[in-house]
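Grab a coffee and open the viewer. Here are a few exercises to work through, each with its solution spelled out step by step.

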Amino acid sequence: MSIQVFGTPVSRGVAIGRAVLVASSRVDVAHYFVAAERVEQEIGRLRQARDIVSAELTALKRDLPQDAPAELSALLDVHQMLLHDETMTSATRQWIVERHYNAEWALSAQLEVLARQFDEMDDEYLRERKADVEQLAERLLRCLARSKPGHSPSAEPDVMRMRDFGGEDPLVLVANDVAPADMIQFKRSVFTGFVTDVGGRTSHTAIVARSLDIPAVVGAREASRLIRQDDWLVIDGDAGVVIVNPSPIVLEEYRFRQRQSELERARLNRLRHTPAVTLDGQPVELLANIEMPGDSAGALEAGAVGVGLFRSEFLFMNRGGDLPGEDEQFQAYRDAVVSMQGLPVTIRTVDIGADKPLDRMSLQELRHEHALNPALGLRAIRWSLAEPDMFRQQLRAILRASAFGKVRILVPMVAHVGEIRMTLEALERARQQLDDAGCAHGEVEIGAMIEVPAAALMIGRFLDHFDFVSIGTNDLIQYTLAIDRSDDAVSHLFDPWHPAVLRLIADTIAKANARGKGVSVCGEMAGDAAFTDLLLAMGLRSFSMHPARIASIKQRVLRADTRRLAAAVEAVLSAEDPALEAARLFSGGLAH
Ligand code: PEP
Ligand code: MG
């Protein structure tokens with residue numbers, strides 16, 4: 001039967017494929033694909049885990065005290081029997097052989113299948129056996145965790161290739177939640193779309209998903225419970241709908257739409273190397289947001305004229321507390337700088353915290369086990385200033401990379417003048433240390449992200465100290481409207497068109513322009529074509545976005561006439577419904 005699940009659209013287009021469920025287990029399970037030549041080894045890990053668990057169960061039964069209840073012994077027999085049952089062993093092996101899942105993923109995928117079968121049983125006794133299967137799977141997963149191959153999630157995943165075995169159906173990832181660091185791993189995978197139960201439009205998981213440029217829906221609540229392994233799914237990334245097992249006629253309609261958007265994409269791609277200049281001759285800088293040095297190739301390919309935001313925190317995640325040292329960071333930054341071939345690279349100092357913890361953690365875990373309001377806690381520059389050694393290492397690494405090309409440093413979430421002073425002092429000390437050590441470094445500009453209302457309101461003071469500013473609209477909206485950007489329960493209130501938000505943005509742009517300082521927008525609004533005319537009208541000439549968005553935004557820029565647009569700003573800002581007013585003024589006649 002076909003059903004529909006609704007959520008928040010985060011990435012446009014249509015994806016059609018089979019569901020791959022990444023189940024949330026009580027044991028932290030890594031999900032990755034193993035290369036064809038490592039399939040046997042992975043099956044060996046599974047076999048070894050089964051033998052160990054079998055021996056454990058035998059020993060447990062042997063050591064049962066004399067007076068232990070008889071049920072206990074019977075239960076261990078049931079576990080032993082389940083362990084060797086075909087549905088557990090061969091079926092799990094099949095996931096590894098056919099899908100190239102790692103052993104842990106294969107086991108949790110099979111567990112999901114079995115759990116559903118148990119749920120559907122009429123017999124209560126049998127239904128309750130589900131708990132036994134779960135306990136057994138946990139035992140196996142713990143055992144597998146001890147035999148982890150040398151796979152580091154933040155390293156280049158050599159194992160994410162499923163293209164090795166062609167002819168497979170396209171795959172769509174379905175999960176309760178995917179941590180941003182895990183999402184990074186999926187960059188080189190073959191998923192054609194993804195769906196999560198939780199998350200908002202600008203949660204970091206959604207942002208990384210958008211950078212993959214595949215259709216995605218987040219905050220789809222019950223999706224991972226309603227969708228089963230291998231179900232056929234249509235993801236409508238424009239409407240935020242997931243259609244499970246669509247009828248042939250619906251499928252045909254979506255296949256048509258998919259072909260249309262591929263044609264549109266090919267058409268836009270032709271603009272790749274056209275300079276972004278408005279009708280009245282105003283050059284506009286279209287920059288890329290990247291998460292890893294390797295993303296710079298995609299940025300150039302998309303026609304970016306530099307990197308406007310390198311989210312360096314992704315180098316710090318999922319390393320089990322072992323942070324990257326100065327040399328490792330230097331190499332990463334230098335790689336990004338060198339591959340941008342002389343174009344500027346803006347490296348944001350680490351923005352750890354809120355929904356980007358150092359270690360893999362779901363949003364729920366974050367909320368319940370950590371600070372109640374992580375977004376208001378020790379994040380971004382606050383964390384860096386609280387870890388002066390780490391901060392100075394990062395600054396030195398960036399400064400050293402600046403000997404290889406044009407580098408700018410961007411500081412996230414600054415709100416206090418005291419933070420500005422401490423940051424500039426740390427930078428000066430890092431420079432001094434490099435000079436003392438005779439280490440080469442270049443000139444860098446230093447900029448602040450304007451993403452806290454306090455910073456936008458005090459923009460004049462910020463401009464006294466910084467060479468440029470970059471408006472982080474994702475956080476600016478979150479903090480201005482008091483809406484947790486990663487909470488799907490309030491995602492309908494996350495409103496980039498709110499007049500308070502627009503005023504802060506307009507004011508920041510105007511004041512920076514008046515002082516002759518660089519100003520850019522690097523939040524998601526920069527890559528949303530609905531805002532291009534308005535931002536141009538406010539005087540913005542630098543936009544930083546996912547490389548995949550550059551062509552669409554360029555198309556808007558090429559059609560805009562800033563002389564006519566500027567007159568409309570005040571009308572939009574003072575309208576009761578700015579979105580409606582902008583649609584009337586900009587797409588109506590003013591802009592085009
Ligand atoms: C922002 O807040 O708009 C931004 C660009 O930074 P991030 O999304 O990484 O918090
Ligand atoms: Mg931010």
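**Exercise 1.** Which residue follows H8, and what is the sign of its phi?

*Solution.* Keep in mind throughout that this is a predicted model. Step one: go to the end of helix H8, which spans 204–212. Step two: read off what comes next, and you land on Asp 213. Step three: check the backbone angle, and you'll see that phi of Asp 213 is positive, near 60°.

**Exercise 2.** Work out whether H8 is enclosed by the rest of the structure or not.

*Solution.* Start with the cut-off: a residue counts as buried when its relative accessible area is under 20%. Now go along the helix and tick off the ones that pass. You get His 204, Thr 205, Ala 206, Ile 207, Val 208, Ala 209, Arg 210, Ser 211 and Leu 212. That makes 9 of the 9 residues of H8, so the helix is largely enclosed by the rest of the structure.

**Exercise 3.** Find out which residues come nearest to ligand 1, and which polar contacts the ligand has.

*Solution.* First, collect the neighbours: there are 17 residues around ligand 1, and the nearest are Arg 311, Arg 348, Gly 472, Asn 474 and Arg 485. Next, look at the oxygen atoms of the ligand. A polar side-chain atom of Arg 311 sits 2.7 Å from one oxygen atom of ligand 1. Arg 485 also puts a polar side-chain atom 2.7 Å from an oxygen atom of the ligand. With Thr 473 it's the backbone that takes part: one of its polar atoms is 3.1 Å from a ligand oxygen. Last, ask how much of the ligand is hidden: the protein covers 100% of the 290 Å² of accessible area that ligand 1 has on its own.

**Exercise 4.** Describe the site of ligand 1: what kind of space is it, and what makes up the shell?

*Solution.* Begin with the space: the one taken by ligand 1 is the largest cavity. Then see which elements give two or more residues to the shell: helix H8, strand S10 (307–311) and helix H19 (473–481). H19 has the largest share, with 3 residues. Finally, sort the shell by class, which gives 8 charged, 5 polar and 4 nonpolar residues.

**Exercise 5.** Two residues, Asn 245 and Ala 482, deserve a look at phi. Where does each one lie, and is it buried, partly exposed or exposed?

*Solution.* Take Asn 245 to begin with. Its phi is positive, about 45°, although the residue is not a glycine. You'll find Asn 245 in the loop between strand S8 (241–244) and helix H10 (248–269). With a relative accessible area of 28%, Asn 245 is partly exposed. Now move to Ala 482, another non-glycine residue with a positive phi, near 55°. Ala 482 lies in the loop between H19 and helix H20 (499–514). Its relative accessible area is 68%, so Ala 482 counts as exposed.

**Exercise 6.** Place Ser 11 in its element and find what its side chain reaches.

*Solution.* Locate the residue: Ser 11 is in strand S2, residues 8–11. Check the accessibility: at 4%, Ser 11 is buried. Then follow the side chain, which reaches the backbone oxygen of Ile 214 at 2.8 Å.

**Exercise 7.** How far apart are Ile 347 and Asp 85, in sequence and in space?

*Solution.* Find Ile 347 in strand S11 (residues 345–348); it's buried, at 0% relative accessible area. Count along the chain to Asp 85 and you get 262 residues. From C-alpha to C-alpha, Ile 347 and Asp 85 are 53 Å apart.

Key:
Residues are numbered from 1 along each chain as its sequence is written. Chains are lettered from A and ligands numbered from 1 in the order in which they are written. This is a predicted model: local features need pLDDT of at least 70, side-chain atom pairs count only at pLDDT 80 or more; totals for chains, interfaces and linings use all residues. Side-chain values use heavy atoms; hydrogens and water are left out. A residue is near a molecule or strand if one of its heavy atoms lies within 4 Å of it. A polar contact is a pair of N or O atoms within 3.5 Å; within protein, one must be able to donate a hydrogen and the other to accept it, and residues adjacent in sequence count only if both atoms are side-chain atoms. Accessible areas come from the Shrake-Rupley method with a 1.4 Å probe; for residues, only the protein chains shown count as cover. On a 1 Å grid over the protein atoms alone, a cavity is a set of points where a 1.4 Å probe fits but cannot get out, and a pocket is an open set with protein on both sides within 12 Å along at least five of seven lines; lining residues have an atom within 4 Å of a point. A molecule sits in a cavity or pocket if more than half of its atoms lie within 2 Å of its grid points. Helices (H or I, at least four residues) and strands (E, at least two) are DSSP runs, numbered from the N terminus. Ala, Val, Leu, Ile, Met, Phe, Trp, Tyr, Cys and Pro count as nonpolar, Asp, Glu, Lys and Arg as charged, and the others, Gly among them, as polar. Buried means under 20% relative accessible area, exposed over 50%, partly exposed in between (1.4 Å probe, protein chains only).
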